[in-house]
Every structure is written in C-alpha cells, then in structure tokens.
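Got the model loaded and a cartoon view on? Here's a walk through it, one selection at a time.

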Amino acid sequence: MPAAVHTRERLHVTPAGGSAGAYITGVDVAKASADDVAAITKALNDHLVVALPGQNLSLEAMEHFTDQLGGKDITPYVKPVDGHPFAIRILKEKHEKLNFANAWHTDLSYLEAPPRFTVLYCLETPEAGGDTVWANQYMAFDTLSSGMRDTLMGLNAVHSAGPAYGTGGYLDGVKDKMSTKIEPSKEAYAEQSHPAVIEHPGTGRAALYLNPVYTQRIAGWSKAESDGVLGHLFRHSVNENFTWRLKWAKGTLAIWDNRSTQHFALNDYHGHRREMVRTSVKGDKPRAARA
Ligand code: SIN
C-alpha cells in the first residue's frame, strides 16, 4: 500500500470588494503558523479587512491568535468575558432593539495608542441581516480636493469616549436595554489628540483618521468651524463607493485594520439573536502623514 501523502491546504486570499475586503481560506486559525500570520498581515495591508469563514475557535485559541498578530489589548468600558480580560462579548438577544456599534467609528481612537487590528468571531448570526460594513479611509483621503488635503495635513483632532461611554453619556442611558455589557465611567471623558491624517506604518499611505463617534473637534478651531468641516468629512469618509459589507456566518472570523478603516454594525435583524466575541491587537500612537 502506498504511504499516505499529507498535503497541507494552502492559504489563499480572494479579493471580495473593489474598495476593501478579502476572504482567506486554507488556514486553520487555531493552528496558524508564523508564515500564516505574515500572510494574513500582508492581506490586511492589501485589503484592510479580511474574513476567514469556517473556523472553529475556542476563546483561548482566539486570544493566542490575537497575540500572534501583535499582542492582546484591553477594551475599556465594556465588561470583559469572565476569566478573559481581553475579550468582550457583543450580543443582541431576540427581544432587544439596540445593538452595539451601530454608528461609523474606528475602534478606541480615544486612546493614546489605539488598537492596530480588531478580531471578531461569529458565534451566532441571523439568517439574514446583522452584516458589518467597512469604509476605506485611504480612499476617503485621496478623494478630497487638494485644498482640503493640504489643510488637513497640518491638523490634529481631539478624540474622547465621553459622549458614548462617559457617565451620563449615550450608552449609560441605554445600557440596561443591551446585552453587550457597557461599563460607563467618568474617565471616558479624557481627551486624546491625533493627527487628522495618519501615515499607515505598514503601507506608508495617508489615511483620514476622523470618526463621528469619538472625534470631538479639530484642535485649535472654534466649535462652529470644527462642526462644519467635520460634518462634511464624516459624510464624505463613508461614501458608499469606499465600502465593503460582510455577511457573517457562524464560524467566520474577521480582522480589520483600524488605521485604514471605519466600520458600522447594521441593526436590521430585530427578533433574531446575534453573538460575537471580540479581541483587540495592540497598536502604536498614530503618526502624522507626511506631505
Ligand atoms: C464592533 O464595532 O466591534 C462590532 C462590529 C459588529 O458587531 O459587527
């Protein structure tokens, strides 16, 4: 009898959208090698968001993979999963009306060093609905006028989690209606300044780094000036032409780059249950893009 030949399925990246998104197959994330992690990181530089369907991950395996991608980071103001300080559960039960992250944002941009990547694993999703949408922030920057690009290059913006997660803030008011466990805090009102346009450390490209949940104002501008320009940029930055939308299935793992995307979790599945677990990969302080 001939000896069994063991062939290892090869990691394959298939682009899924014109602006962002790729599917990765041929890798078992629970057993990812250093080469697999390097290929996934390259795919993130190329496609900004990747989805790996058909995974079978324990929370421990997901945490290990998060470490392989660069190290686990905490998610402030959301109660972690018991015994797993770096993981949060994102849950909407059938009877609930509110979901988590139903607004365009970049994860934790109010921190000095926001997470490089977010890792989200689907445990349960409705048959239809509950998709997540991402918007490419390189395109958001590249499609501005040269006058606006030049103006933004020299600016910083002030970010804070206060209006969302602060004591008395939006989520404090609705937290009892959500299964995702929000922990409001007065510390959330702390402010952090970041360049309005950042240089992606992996690609060297300039990306718009402003989002409507956490960016409060342009540093040094009056409220009226800042609200007017930010209002325009918030709308522009999520133009449909910059987006890619993922339809989840149980076992799909998605990873996205917070330095080049914003994202939005749709709330179009009342009467159905959706459950995810999420970890974050440590990042660095954003660096200003060079003119
Ligand atoms: C998030 O912003 O982390 C949640 C995204 C989702 O639930 O689709």
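Start by selecting threonine 66, which sits in helix α2. Keep in mind as you go that this is a predicted model. Is threonine 66 buried or exposed? Its relative accessible area is 0%, so threonine 66 counts as buried, the cut-off being under 20%. Now show what surrounds it: beyond the neighbours within four places in sequence, threonine 66 is in contact with Gly71, Lys72, Val119, Thr279, Ser280 and Val281.

Next, widen the selection to the whole of α2, residues 59–69. Which of its residues are buried? Colour Leu59, Ala61, Met62, Glu63, Phe65, Thr66 and Leu69, and you have them. Then step just past the end of α2 to glycine 70, where phi is positive, at about 145 degrees.

Add helix α1, residues 34–47, to the view. The two helices pack with their axes 10 Å apart and at an angle of about 70 degrees. That angle is why α1 counts as roughly perpendicular to α2. As for the hand of the crossing, α1 and α2 cross in the right-handed sense. To see who meets whom, show side chains for Val37, Ile40 and Thr41 on the α1 side, and for Phe65, Gln68 and Leu69 on the α2 side. Sorted by class, this contact has 4 nonpolar residues, 2 polar ones and no charged ones.

Time for some strands. Select β14, β8 and β16: they make an open sheet of 3 strands, in the order β14-β8-β16, with antiparallel pairing. The edges are β14 (243–246) and β16 (261–265), each pairing on one side only. From one strand to the next, the twist averages 20 degrees.

Zoom in on β8, residues 132–136, alongside β14: this antiparallel pair runs over 4 bridges. Which residue of β14 is the bridge partner of threonine 132? Pick leucine 246. While you're there, turn on the side chains along β14 and watch them alternate. Trp244 and Leu246 point to one face and are buried, whereas Thr243 and Arg245 point to the other face and are not buried.

Now go back along the chain to alanine 128, in the loop between β7 (117–124) and β8. Alanine 128 has a relative accessible area of 55%, so it counts as exposed, the cut-off being over 50%. Leaving out residues up to four places away in sequence, alanine 128 touches Lys247 and Tyr269. Try a distance label too: how far apart in space are the C-alpha atoms of alanine 128 and tryptophan 248? The answer is 9.1 Å, with their positions 120 residues apart in sequence.

Last stop: a second selection of strands, β10, β9 and β13. These 3 strands form an open sheet in the order β10-β9-β13, and the pairing is antiparallel. On the edges you'll find β10 (191–195) and β13 (215–218), each of which pairs on one side only. Ignoring direction, neighbouring strands in this sheet are turned against each other by 30 degrees on average. Finish on β9, residues 156–160, which pairs with β13 in the antiparallel sense over 3 bridges. To land on one of the residue pairs, select alanine 157 and its bridge partner in β13, isoleucine 218.

Technical notes:
Residues are numbered from 1 along each chain as its sequence is written. This is a predicted model: local features need pLDDT of at least 70, side-chain atom pairs count only at pLDDT 80 or more; totals for chains, interfaces and linings use all residues. Side-chain values use heavy atoms; hydrogens and water are left out. Axes are lines fitted to C-alpha atoms, for helices over the stretch in contact, and angles run from 0 to 180 degrees between N-to-C directions. Angles under 35 degrees count as roughly parallel, over 145 as roughly antiparallel, 65 to 115 as roughly perpendicular and the rest as oblique. A crossing is left-handed if the near helix is turned anticlockwise from the far one by less than a right angle, and right-handed if clockwise. Contact means heavy atoms within 4.5 Å. Ala, Val, Leu, Ile, Met, Phe, Trp, Tyr, Cys and Pro count as nonpolar, Asp, Glu, Lys and Arg as charged, and the others, Gly among them, as polar. Buried means under 20% relative accessible area, exposed over 50%, partly exposed in between (1.4 Å probe, protein chains only). Two strands pair if DSSP finds at least two bridges between them.
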